[in-house]
Amino acid sequence: VEVLTQLKTSSMTEVALTSSPLSPSKAESESHQAMKTYRKILSHCMSSSAICFHKYLYNQLMSMGPESQNDLIQQNPAYLEEFLREEAGLSVGPAPIHTTVKKLPALVPKAVNALEVLGRLYVHRHMFSHAAYLQLLLGERLNVSEDDPSFVSLEKRQQHLLDALRLAKSRSQHQGLQSPDTEGFSNSLLDALQCKVEIIAFQIRLVDAITTKAGNCASELLRVGGEHNIPGHSIERLTELVNKGVHENISMLIQTELGNVIAAEVQEKLTDLLTAYAGYATKTLNLFSTFFSLEDLYNDFARPECMWALCLEMLHLAQFSDAQMIKDHWDMCLFAAMKESMDGQSLSAACAIVRDLGSNFYPNDVSFPMQHLVQRLEEIAAGIWPADEGSPASSEAHKLIPKTLLDVCGASERLRYVYDTLIERHTTTNVLRLQYLKWVIGVLEFAKMELLKSKSDFRSTPVILS
């Protein structure tokens with residue numbers, strides 16, 4: 001093993017940059033010779049029938065770094081898979097990993113390295129589904145505390161899942177080839193991985209959104225503190241303690257750090273703000289450390305934080321079928337967009353969220369209830385939703401509605417049908433009915449332009465004569 005180590009080191013000796021590629025230097029020649037000898041000895045070692053010697057050799061090569069690990073994979077020795085599973089603390093035997101391991105515990109770096117090498121070994125053997133499943137296990141493994149070197153970040157989990165998806169797609173591309181990767185995995189593996197990649201993306205977005213809320217809360221704490229002559233470093237000390245987990249009794253914490261000199265009204269404000277900040281800090285920490293299911297992300301984070309657009313995306317991914325609940329979520333989403341918009345931009349903000357989400361949801365009639373959304377946008381334009389308090393939108397701004405829906409569905413016939421249905425509804429007021437009729441004419445004009453363009457394109461298409 002010492003000889004192998006020395007030869008490997010010699011083979012990687014850097015050659016001076018001044019040597020000519022047309023006349024290899026002596027160092028290059030010696031390096032190539034060392035590599036040749038190294039491979040010859042390594043191949044000879046691998047032909048041994050002694051299992052203990054094999055595992056000792058594997059252990060030494062694994063400790064020599066990525067280059068030697070690649071050499072080990074290229075040799076593809078008989079006992080390597082068993083060794084790597086032992087190193088990772090997994091059960092050893094003929095049964096494939098996906099039949100014996102459903103979840104991984106928190107892992108030390110040595111175990112993670114062994115599993116990553118095992119994944120590369122599976123790829124070398126064209127066992128893409130096995131490699132994909134291994135990456136999935138790594139992406140979903142339990143975590144350690146954030147200050148531990150083995151902590152798994154969300155970005156690292158996302159990379160594992162993306163690698164798993166790529167490998168599963170490779171399996172689909174290699175189906176039909178003679179390979180040990182043909183049994184034991186259903187075709188749903190690819191669908192499951194695509195879903196999990198979207199879920200981890202939701203979780204990262206939640207972290208960003210809740211971190212922003214926490215930042216706004218911290219800024220408000222500093223502002224309130226400044227108004228009442230409380231030093232900024234004292235407020236920062238409070239948020240620092242909360243970040244460290246000291247938030248069981250916020251009121252007592254404030255009294256301990258700031259004393260009893262502040263007025264009761266100020267203490268109440270600070271308590272409310274710091275309690276909210278503590279909630280955000282706890283949620284962020286949980287999201288950082290654990291990979292949650294879609295159901296948990298919705299119920300414990302997105303829904304309580306009123307992130308309605310994200311909630312709709314989650315329900316769409318889950319193929320949720322309660323049409324009324326989806327419409328209620330859309331109403332909350334439109335209301336939130338209007339509330340956050342500048343004065344006079346309510347309709348524009350509502351149309352923007354419909355366009356953004358609609359481009360992902362259409363043509364799913366449950367996730368994208370077009371008739372309901374057209375009605376709501378028209379009511380916003382008329383100034384009668386969510387209450388009879390708004391002012392009607394200008395004629396120019398009103399044009400956003402059909403334009404937005406046409407951008408989403410691209411079919412004037414579909415939009416005309418929606419307007420026809422709304423006109424015929426007995427609950428429609430005369431004001432709205434007149435508004436609908438006006439835009440039906442606009443949609444028909446758009447359909448006419450589409451037809452003329454289609455005919456023009458057809459005439460300009462060159463014809464090949466036989």
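Where in the chain is Pro-386 found? Keep that in mind while we walk through this predicted model; the tour will come to the answer at its last stop.

**The whole chain**

Start with everything in cartoon view. The chain has 22 helices and zero strands. Switch on a surface next: the accessible area comes to about 25,800 Å², and carbon and sulfur atoms hold 55% of that. Of the 466 residues, 41% count as buried. If you draw contacts, take those with a sequence separation of 6 or more: 66% of them join residues 24 or more positions apart.

**Helices H4 and H7**

Now select residues 66-75, which form helix H4, together with residues 109-124, which form helix H7. Their axes come within 10 Å and cross at roughly 40°. H4 and H7 are therefore oblique to each other, and the crossing in which H4 passes H7 is right-handed. Show side chains for the contact: on H4, pick Pro-66, Gln-69, Asn-70, Ile-73 and Gln-74, and on H7, pick Asn-113, Val-117, Arg-120, Leu-121 and His-124. Coloured by class, this contact of H4 with H7 shows four nonpolar residues, five polar ones and one charged one.

Stay on H4 for a moment and colour by burial. Its buried residues are Ser-68, Gln-69, Asp-71, Leu-72 and Ile-73. Gln-69 and Ile-73 are thus buried and also take part in the contact with H7. Then step just past the end of H4 to Asn-76, where phi is positive, at about 50°.

**Beyond H7: His-126**

From H7, move on to His-126, in the loop that leads from H7 to helix H8 (128-140). Its phi is positive, about 60°, although the residue is not a glycine. Is His-126 buried or partly exposed? With a relative accessible area of 39%, between the 20% and 50% cut-offs, His-126 is partly exposed.

**Helices H10 and H11**

Next, select helix H10 (residues 188-227) and helix H11 (residues 232-243). They pack at an angle of about 145°, and their axes are 9 Å apart. Here too you can check the hand of the crossing: H10 passes H11 in a right-handed one. For the contact, show Leu-221, Leu-222 and Gly-225 on the H10 side, then Gly-232, Ile-235, Glu-236 and Thr-239 on the H11 side. The classes in this contact of H10 with H11 are three nonpolar, three polar and one charged.

**Gln-319**

Jump ahead to the loop between helix H15 (308-317) and helix H16 (323-340), and centre on Gln-319. Phi is near 55° in Gln-319, a positive value in a residue other than glycine. With the surface on, you will find Gln-319 exposed, at a relative accessible area of 69%.

**Two cis peptide bonds**

For the last stop, select helix H17 (346-361) and helix H18 (370-382), then zoom in on Pro-363 in the loop between them. The bond joining Tyr-362 and Pro-363 is cis, with omega about 15°.

Then follow the chain beyond H18 to Trp-385 and Pro-386. The peptide bond from Trp-385 to Pro-386 is cis as well, with omega near 10°. And here is the answer to the opening question: Pro-386 is found in the loop between H18 and helix H19 (395-398).

Key: Residues numbered from 1 in each chain as written. Predicted model: local features only at pLDDT ≥ 70, side-chain atom pairs only at ≥ 80, totals over all residues. Heavy atoms only, no water. Axes fitted to C-alpha atoms, helices over the stretch in contact; angles between N-to-C directions. Helix = DSSP H or I, 4+ residues; strand = E, 2+ residues; numbered from the N terminus. Parallel < 35°, antiparallel > 145°, perpendicular 65-115°, else oblique. Left-handed = near helix turned anticlockwise from the far one by under 90°. Contact = heavy atoms within 4.5 Å. Nonpolar A, V, L, I, M, F, W, Y, C, P; charged D, E, K, R; others polar. Buried < 20%, exposed > 50% of the residue type's maximum accessible area, 1.4 Å probe, protein only. Areas by Shrake-Rupley, 256 points an atom, 1.4 Å probe, with all protein chains shown as cover.
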